[in-house]
Amino acid sequence: EQIEKGGYEHFMLKEIFEQPKSIHDTMRGRILVDEGIIKMAGIWDHLERFKNAHKITIIACGTSWHAGLIGEYLIEEFARIPVEVEYASEFRYRNPIISDKDVVIAISQSGETADTMAALKLAKEKGAFIYGICNVVDSSIARITDAGSYTHAGPEIGVASTKAFTAQLTILSLIAIKLGHHNGNLSKQDFMKLITELDNIPNKVEEVLASTHDYVKEISKQYADATNFLYLGRGYNYPAALEGALKLKEISYIHAEGYPAAEMKHGPIALIDENMPIVIIAPKKGHYDKIVSNVQEIKARKGKVIAVVTRGDEQVASMADHVIEIPDSEECFSPILASVPLQLLAYYIAVLRGANVDQPRNLAKSVTVE
Ligand code: G6P
């Protein structure tokens, strides 16, 4: 096992560090920047099916569901096709409105999750075109879908999903950009800008790992005894906040909640005092000014702010207790970059608490029962 861990103390840490490679592997042969194309066998033959879909429904569980939420933002922004994201366990029991005009995408690392499988079968019965985004080749979900794309992130051993998540975001980005271009919503110029940037994301993830690792490890000492955590983000980074909170609670057993930053005033703000650490994902994009005021509100209540910001940021950085910098990128790819230090934060806090990082209590890597 020590050999399999490749010198890392845990599989989770190894998998976090593998991300520049795993994201690269996800894109390998699929982005051809020089030729200006995205080549994806799975979607190539079905572009019209997607284009004409009344809606796309994404079904998944856990971390894969968070990837699905980001997929919704990506597909709606670039392809302008309506997207709904559902927990597989809810979808399957509520007689969902699905017809043969629909596309249903299942996202699953293992390809074996019972609820996701059952939800897909239901969608298939209702005549939808079903598409799979799986990591495990030849898994049950991969086999029943009409078409799909493997994430090719390599085996993920740690129960808390890390590299599979960023691989899912990569595939969803490719699908959204490809559809957007095919549908005529993305100009050639925007398409080129996006694929060039996506192609460069593995380098940026490498940079994030190198520049944030020691600092995140260091600050985790200050938070190992926390009893609660809040994670906030807006837009593309709202689901990234949900995922950051899930990582922490899964492996450290600290209660953590993710929230869209603006919703803070409808509840979580009541919990903020000097004992509440708040991770805020605030790249200098989109509605940055709104995030600035969220941080002001938190500081006025003495909350401890750990901010993930774009390199060179001054405004949020000047108010935050801890500043984690990520490189600038297109907003739609910022969740990939922001997730990496949050994975490290969850990891180091869990290690300090003596938790079994790779096999947290009560959790399973693949949930094959209901
Ligand atoms: C379990 C795992 C999670 C995973 C979820 C969905 O809860 O512990 O890491 O996100 O199942 O799994 P899937 O294999 O369908 O992505």
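This is a short walk through one structure, from its core to its ligand shell and then to a few single residues. The model is predicted.

I start with the core. The largest nonpolar core takes in 126 residues, and Val104, Ile280 and Ala307 have the most contacts inside it. Among the elements that feed this core, helix 15, residues 334-352, gives the most, with twelve residues. As background, nonpolar side chains tend to be buried together in soluble globular proteins.

Take Val104 as one case from that core. Leaving aside residues up to four places away in sequence, Val104 touches Thr57, Ile59, Ile98, Leu120, Ala123, Ala128 and Ile130.

Now helix 15 itself. Helix 15 has 19 residues, and from its first C-alpha to its last it reaches 28 Å, close to the 27 Å expected at 1.5 Å a residue. Why do we call helix 15 largely enclosed by the rest of the structure? Because 17 of its 19 residues are buried. After helix 15 comes Gly354, which has a positive phi, near 75°.

Helix 12, residues 237-252, can be described in a similar way. Helix 12 has 16 residues and spans 22 Å from first C-alpha to last, close to the expected 22 Å. Helix 12 is mostly covered, with 15 of its 16 residues buried. Just after helix 12, Tyr253 takes a positive phi of about 65°.

Next, the strands. Strand 5, residues 103-108, pairs with strand 6 in the parallel sense, over six bridges. Within that pairing, Ile107 stands opposite Ile133 of strand 6. Strand 6 covers residues 129-134, and six of the six are buried, so the strand is largely enclosed by the rest of the structure. Which residues of strand 6 point one way, and which the other? Phe129, Tyr131 and Ile133 point one way, while Ile130, Gly132 and Cys134 point the other way, and all are buried. Two residues from this pair of strands have come up already: Val104 touches Ile130.

Now the ligand. Around the ligand there are 15 residues, and those that come nearest are Gly62, Thr63, Ser108, Ser110 and Thr113. Which helix gives the most to the shell around the ligand? That is helix 5, residues 62-79, with three residues. Sorted by class, the shell has four nonpolar, ten polar and one charged residues.

That leaves a few single residues. Arg80 is found in the loop between helix 5 and strand 4. Arg80 is not a glycine, yet its phi is positive, about 55°. Arg80 has 13 C-beta neighbours inside 10 Å, so it counts as partly exposed.

Asp138 sits in the loop between strand 6 and helix 8. Asp138 also has a positive phi, about 65°, although it is not a glycine. Is Asp138 buried or exposed? Asp138 counts as exposed, because it has 9 C-beta neighbours inside 10 Å, and the cut-off for exposed is 12 or fewer.

The last residue is His24, which lies in helix 2, residues 19-27. With 17 C-beta neighbours inside 10 Å, His24 counts as partly exposed. His24 and Ala60 are 36 residues apart in sequence, and their C-alpha atoms are 24 Å apart in space.

To go back over the main points: helix 15 gives the most to the largest nonpolar core, strand 6 is largely enclosed, and helix 5 gives the most to the shell around the ligand.

Note on methods. Residues are numbered from 1 along each chain as its sequence is written. This is a predicted model: local features need pLDDT of at least 70, side-chain atom pairs count only at pLDDT 80 or more; totals for chains, interfaces and linings use all residues. A nonpolar core is a set of buried Ala, Val, Leu, Ile, Met, Phe, Trp, Tyr and Cys residues joined through C-beta atoms within 7 Å. A residue is buried if 20 or more other C-beta atoms lie within 10 Å of its own, exposed if 12 or fewer, and partly exposed in between; C-beta atoms are placed from the backbone. Helices (H or I, at least four residues) and strands (E, at least two) are DSSP runs, numbered from the N terminus. Two residues are in contact if their C-beta atoms, placed from the backbone, lie within 7 Å. The expected span of a helix is 1.5 Å times one less than its number of residues. A residue is near a molecule or strand if its C-beta atom, placed from the backbone, lies within 6 Å of it. Ala, Val, Leu, Ile, Met, Phe, Trp, Tyr, Cys and Pro count as nonpolar, Asp, Glu, Lys and Arg as charged, and the others, Gly among them, as polar. Two strands pair if DSSP finds at least two bridges between them.
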